[in-house]
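Subject: A structure for you to look at

Hi there,

Here is the structure I promised to pass on to you. Please open it beside this email and look up each part as you read.

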2 protein chains.
Amino acid sequence: MFPEADAVAPAVTAVFTTVLTEGPISRVALARRLGLSSAAVTKAARPLIEMGYLEELAATERTGPGAGRPASPLAIRADREFFVGVKITGDELIGVVCDLRAGVRTAAHRRLSAPDVDHVLTQLGELVDELLDSPSDYRARTRRLGLAVSGDVDRSTGLVRYSPFLRWHDLPLRERAEKITGLAVTVENDVKALTTAEHWFGEGVGAESFALVTVGAGIGCGLVVGGSLVSGSHGVAGEIGHIGIDVNGPACHCGSRGCVEAIAGADAIVRQARAAAGRPELTFEDAVTLARAGDAPVGAVFARAGDAIGSGIAAVANLVGPARIVVSGEGLAAYDLFEPHIRAGFQRQAFGAAADCPLSIRPLPFEEWARGAATVSIQALVAS
Amino acid sequence: MFPEADAVAPAVTAVFTTVLTEGPISRVALARRLGLSSAAVTKAARPLIEMGYLEELAATERTGPGAGRPASPLAIRADREFFVGVKITGDELIGVVCDLRAGVRTAAHRRLSAPDVDHVLTQLGELVDELLDSPSDYRARTRRLGLAVSGDVDRSTGLVRYSPFLRWHDLPLRERAEKITGLAVTVENDVKALTTAEHWFGEGVGAESFALVTVGAGIGCGLVVGGSLVSGSHGVAGEIGHIGIDVNGPACHCGSRGCVEAIAGADAIVRQARAAAGRPELTFEDAVTLARAGDAPVGAVFARAGDAIGSGIAAVANLVGPARIVVSGEGLAAYDLFEPHIRAGFQRQAFGAAADCPLSIRPLPFEEWARGAATVSIQALVAS
DNA sequence: CTCAATAATTTCCTTCGTCAAGTATTGATT
DNA sequence: AATCAATACTTGACGAAGGAAATTATTGAG
């Protein structure tokens, strides 16, 4: 786990992750939260403080009755260690350096001429060097790199089994990337990485179950149940995009009809908008412009897409009942066009109390994917 | 947990549940399976053997290389303790006595004149007495009773929050039942109980994730993810019946349209079959007879229903990727009419490797619901 | 200035599980 | 038959982890 010690007591890990994700918190509160004695928390916190990962904050103003020794909350020393995160897409590398709390310190990116493995790895090496050799010199305090890749990834081995966009098959990406960068590398599926980031440092903090839905070229979903990421026994999970919501709907590339993605994927929207506007050269951006300008047929395309997404999200809520759901993704640049319809579709199709599940719908800030990748490497620190 | 000891070491519980669910197994195999040293297993097994819960089997024939001391597998002594399980429906109590391995030893049932609480509890008391005073005299070795009720149940407190069929609200069922029967009572939702039974003693054994779908008046689903039952943060989970698969489908009592249940629920099937046959007095059984006799319009109703169920199951597979799915329920008395269409709908809508998820489709044997209730009380023994 | 209340720490102790060595029981080899 | 290798199980010493209870620390209230 940590540089000096190798095997670490369960309580130490628990204390560390709780302080990490649930902010400054006193030892007594930690003990209650974790079901430990306060003595155990004191003991677990000591090595973490000695190693510089935690620090004791000055006593804060009281809340309760007012008497008694004030608590000295434990907090993460976010700049104790830095983490590089890189999202690899077909034509670009997006990289960030994050601190322990997944706060982005610096970002950079690089265009790729082709998804050729050697080219990507060369560029990755250069990108990492650029990030770490920035004026602040993060290199000395950076040991880990997280990579986010779309497709089927085995996190435990760092193997990319299959990535359609990149056209990679059974690529030992961890090994290759470790050789080039000299950092300890973790590889994870991009949606899972993003879900992890939101679960540890975003709106999913503290939630025992949680879902993140990404809207873009495809419609994806990361699922946290019982506090841990759902992986799927056959390597498939979170495929919200291929839930069928209309037996008579448009054909989907998966072979079925009426999948959420066949109605609300970026390609599907463009296709429908072209038909609606009678202009076969329309782009996604054109469609957004038209809809915002009040074009009714094109607006209806977005409405239908939003409704489909809402239905799919309702399926998630009905089945697993997450404590909250975040909807995000590059598709939500056209956020205003979707949101009311996503909510309407969700409310209609959510059953009973499932409709109470809070929905956050918001566009995805730039470099968020890379931040997800960095989060995975923070997790790797804790888990190792 | 066990009669003599109160607090029990984690390893003891682990050994017990593993032997319970994964049959006779040697200490060494247990150690590997649980990630313990064989010494720890030896120590954990001793008190269980002394209390009569486990026994050592005679060495079996060898498998591997052939040399070495043969293993003496540990097995459950199933008749060490008995458990009563009762499923409570609106018009009937179905009761069983099960052994530790959830094997049904005896069964009995009682008609209810009304879902009146006092009446139900009186009948419950008499039913339990009848079951326990049978010739084999289970009473001396029975301490626990499990109750399965449809609706919203808080297992930890034994409170029935709301049961639509029984018209119960906030009923402290555990307390009342304990007073009447003198047994330690566990109350659980019926679908969850059935899922637990299948997970511990049926086709879900050993599966890290698993789903059970019940087909009947409603379409329900129990979900096991990461080894434990999914409960849903807002009290809703497994509502596969209200996933929308056809935006233009028939109206559902939930207020939406095209829910699985609005197409494949028993009521929906009867309604559609009446319309298809042009005979407004048709019953479900009549519809089954007609379909089996080759009536094409009525057959199409079952086909459409099966397909809808298959789509719903595919949504489960796409989202959580269970290791296997069991489809069962009283609706599957007409099993032959559904099965091919369930499979077809599933295959069409399952995405990628999700289609590899094995599906077991079979009718639900009588008293299986009550067995589920008994299973929950077996779990209570282990958890306590 | 004392007391009550709460937070953190210390000391001692129990418990659980590992390690390493030893015992048990078999088939194979000489 | 005697020995050996292989595997299963048991034993006893040990160590790590966490708990209980007493102790110290720090505050506000009377």
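Below is what was found in it, one topic at a time. Please keep in mind that this is a predicted model.

**How the two protein chains are related**

A good place to begin is with chains A and B. Two copies of a chain are related by a rotation about an axis and a shift along it. Here, a turn of 180° and a shift of 0.1 Å along the axis lay chain A on chain B with an RMSD of 0.0 Å. The two copies are thus related as by a two-fold rotation axis. Both copies also use the same surface, as 100% of the contact residues of chain A recur in chain B.

How many residues does each chain bring to the contact? Chain A gives 42 residues and chain B gives 42 residues. On the side of chain A that touches chain B, the elements giving two or more residues are β12 (219–225), α10 (296–320) and α11 (335–349) of chain A. The largest share of that side is the six residues from α10(A). Sorted by class, the side of chain A that touches chain B holds 20 nonpolar, 17 polar and five charged residues.

**Around the DNA**

Next, find the DNA strands. DNA strand C is surrounded by 27 residues, and the closest are A:A39, A:G68, B:A11, B:S37 and B:R69. At least two residues of the surface near DNA strand C come from each of α2 and α3 of chain A and α1 (10–21) and α3 of chain B. By class, that surface has 15 nonpolar, nine polar and three charged residues.

DNA strand D is surrounded by 27 residues, and here the closest are A:A11, A:R69, B:A39, B:G68 and B:R69. For the surface near DNA strand D, at least two residues come from each of α1 (10–21) and α3 (38–50) of chain A and α2 (27–34) and α3 (38–50) of chain B. The classes near DNA strand D are 15 nonpolar, nine polar and three charged residues.

**Two helices to look at**

Let's stay with α1(A) for a moment. Its 12 residues should span 16 Å at 1.5 Å a residue, and its end C-alpha atoms are 17 Å apart, which agrees. Which residues of α1(A) are buried? They are A:V12, A:V15, A:F16, A:V19 and A:L20. Seen down the axis of α1(A), the buried residues fall within an arc of 125°, so they line one face of the helix. To make sense of this spacing, recall that an α-helix has 3.6 residues a turn, so residues three or four places apart point the same way. The cover over the buried residues of α1(A) includes α2 (27–34), α3, β1 (54–56), β2 (74–76) and α12 (368–383) of chain A. Just after α1(A) comes A:G23, with a positive phi of about 65°.

In chain B, try helix α12 (residues 368–383). This helix has 16 residues and reaches 22 Å from its first C-alpha to its last, close to the 22 Å expected at 1.5 Å a residue. Is α12(B) mostly covered or mostly open? It is mostly covered, with 14 of its 16 residues buried.

**A few single residues**

Here are some residues to click on.

- A:R324 sits in the loop between α10 and β14 (325–328) of chain A. It is partly exposed, with 18 other C-beta atoms within 10 Å. A:R324 and A:P358 are 34 residues apart along the chain, yet their C-alpha atoms are separated by 5.1 Å. Beyond its neighbours within four places in sequence, the contacts of A:R324 include A:E203, A:F210 and A:C357.
- B:R271 belongs to helix α8 (residues 266–277) of chain B and is partly exposed, with 16 other C-beta atoms within 10 Å. From C-alpha to C-alpha, B:R271 and B:L282 are 8.6 Å apart in space, and they are 11 residues apart in sequence.
- B:A102 lies in the loop between β4 (92–98) and β5 (104–111) of chain B. Its phi is near 65°, a positive value in a residue other than glycine. B:A102 counts as buried because 23 C-beta neighbours lie inside 10 Å, and the cut-off for that is 20 or more.
- B:D170 is in strand β9 (residues 168–171) of chain B, and its phi is near 45°, again positive in a residue other than glycine. B:D170 is exposed, with 10 other C-beta atoms within 10 Å.

Enjoy exploring, and best wishes!

Technical notes. Residues numbered from 1 in each chain as written. Chains lettered and ligands numbered in written order. Predicted model: local features only at pLDDT ≥ 70, side-chain atom pairs only at ≥ 80, totals over all residues. Near = placed C-beta within 6 Å. Helix = DSSP H or I, 4+ residues; strand = E, 2+ residues; numbered from the N terminus. Nonpolar A, V, L, I, M, F, W, Y, C, P; charged D, E, K, R; others polar. Least-squares fit on C-alpha atoms with pLDDT ≥ 70 in both. Contact = placed C-beta atoms within 7 Å. Expected span 1.5 Å × (residues − 1). Buried ≥ 20, exposed ≤ 12 C-beta atoms within 10 Å, placed from the backbone. Arc of directions from axis to C-beta.
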